[in-house]
Amino acid sequence: MTPEAGGVDAVIDAVTAVFLVLGALMSLTATIGLLRFPDLMSRMHAATKPQVLGLFLLLAAIGLQMRQWWVWPVLVVAWIFQLLTVPVSAHMVGRAGYRTKHLHPELLSVDELEAVVRRSAAEQEGTGTGPASTAGSAEDPELDDVLGLGEAGDGALRGAAGQNLDDRGDGRGDQGEGKG
Amino acid sequence: MKDAVLIITAVVLTLAAAGAIVRIAVGPSLLDRVLASDVLLGIVGAALAIDMAVNRHLNNLFLLVALTLIGFIGSVTVARFVSDRRGQANDS
């Protein structure tokens, strides 16, 4: 920033300063959310703010200050890579959090995965020879857990259903059994 | 104005990093720590970007691009291999 700028430069410097302070405040917002929110899912919601909007503001500030045309494509590339990779990690963390039950079911307003898991479990019980043949109980449970996390689509659903059947002993399993 | 912006953003980012480190320390689950370390990485990237914008240099620009490109690999890897069966339900 130029110390004593006038005209357009002063306006650009002011806009840059606002962008920088807002971008830094996004990080503080995420931290407050991390510290105060009750479970993993809501903390994930807070954590995405500096990663997308905060980075956008800071990159825009860099572009405003540098005034070189070749900087803008690099900044756009950086932001697009962030937009592409943040959902990937959020998806993996969210799914692992659901499967290891790091959530409060009473705090969820919609749990779309629960119906899918229950239906998949019911199908498996109908087609199989009984609960003993379902995934997870026949093999090493830890191995099944690790494998199920990495597979997409049907495999993941089967893995989740296996975990649901596995943990029938606790509260959530009992609830699913009663409703199904 | 340059000094004021630097001081404000430095204080804000320091507080944010301290809070993220507190969340990494207290957990309570592995996924919380992974999430908090992701936020910490974002704060480091924000510090790099603010330094570049205020001091008008581009030394760290490609470091920033690399951070946005490969920063997600760590959390994906940990989430891929997490299997916490010892903790009880709702232990978040």
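**Entry 1: a buried serine**

A residue is called buried when its relative accessible area is under 20%. I note at the outset that the model I am examining is predicted. With that cut-off in hand, I looked up Ser75(B), which lies in helix 4 of chain B, residues 72-81. Its relative accessible area is 4%, so I record Ser75(B) as buried.

Which residues does Ser75(B) contact, once its neighbours within four places in sequence are left aside? I found Val34(B) and Asp38(B) in chain B, together with Ser89(A) and Val93(A) in chain A. Ser75(B) therefore has contacts in both chains, with a relative accessible area of 4%.

**Entry 2: the interface of the two chains**

I turned next to the interface. I noted that 60 residues of chain A are in contact with 52 residues of chain B. The size of an interface is often expressed as the accessible area that is lost when the parts come together. For chain B and chain A, I recorded a buried area of about 5000 Å². Carbon and sulfur atoms give 72% of that area.

Which helices of chain B supply at least two residues each to the side that touches chain A? I listed helix 1 (2-26), helix 2, helix 3 and helix 4. Helix 2 of chain B gives the largest share of this side, with 13 residues. Sorting the residues of the side of chain B that touches chain A by type, I wrote down 33 nonpolar, 10 polar and nine charged.

I also looked up the pairings between the chains. Seven residue pairs are in polar contact between chain B and chain A, counting pairs with both residues at pLDDT 80 or more. One salt bridge is found across the interface.

**Entry 3: the salt bridges**

Side chains of opposite charge can pair when their charged atoms come close. How many salt bridges does the structure hold over all chains? I found two.

One is formed by Arg43(A) and Asp32(B), whose closest N and O atoms are 2.8 Å apart. This pair crosses between chains: Arg43(A) belongs to helix 2 of chain A, and Asp32(B) to helix 2 of chain B, residues 30-55. Are these two residues buried or exposed? I recorded both Arg43(A) and Asp32(B) as buried.

Asp9(A) and Arg67(A) form a salt bridge as well, with 3.3 Å between the closest N and O atoms. Here the pair links distant parts of chain A, the two residues being 58 residues apart. Asp9(A) is in helix 1 (residues 8-36), whereas Arg67(A) is in the loop between helix 2 (40-66) and helix 3 (71-99). Asp9(A) has 30% relative accessibility and so counts as partly exposed. Arg67(A), at 40%, also counts as partly exposed.

**Entry 4: two arginines with positive phi**

Finally, I looked up backbone angles. Most residues other than glycine have a negative phi. Arg67(A), met above in a salt bridge with Asp9(A), is not a glycine, yet its phi is positive, at about 55°.

What is the phi of Arg56(B)? I read a positive value near 55°, again in a residue other than glycine. Where does Arg56(B) lie? I located Arg56(B) in the loop between helix 2 and helix 3 (61-70) of chain B, while Arg67(A) lies in the loop between helix 2 and helix 3 of chain A. Because its relative accessibility is 30%, I entered Arg56(B) as partly exposed.

Terms used:
Residues are numbered from 1 along each chain as its sequence is written. Chains are lettered from A and ligands numbered from 1 in the order in which they are written. This is a predicted model: local features need pLDDT of at least 70, side-chain atom pairs count only at pLDDT 80 or more; totals for chains, interfaces and linings use all residues. Side-chain values use heavy atoms; hydrogens and water are left out. A salt bridge is a side-chain nitrogen of Lys or Arg within 4 Å of a carboxyl oxygen of Asp or Glu. Helices (H or I, at least four residues) and strands (E, at least two) are DSSP runs, numbered from the N terminus. Buried means under 20% relative accessible area, exposed over 50%, partly exposed in between (1.4 Å probe, protein chains only). Contact means heavy atoms within 4.5 Å. Buried area is the accessible area (1.4 Å probe) that two parts lose on being put together, summed over both. A polar contact is a pair of N or O atoms within 3.5 Å; within protein, one must be able to donate a hydrogen and the other to accept it, and residues adjacent in sequence count only if both atoms are side-chain atoms. Ala, Val, Leu, Ile, Met, Phe, Trp, Tyr, Cys and Pro count as nonpolar, Asp, Glu, Lys and Arg as charged, and the others, Gly among them, as polar.
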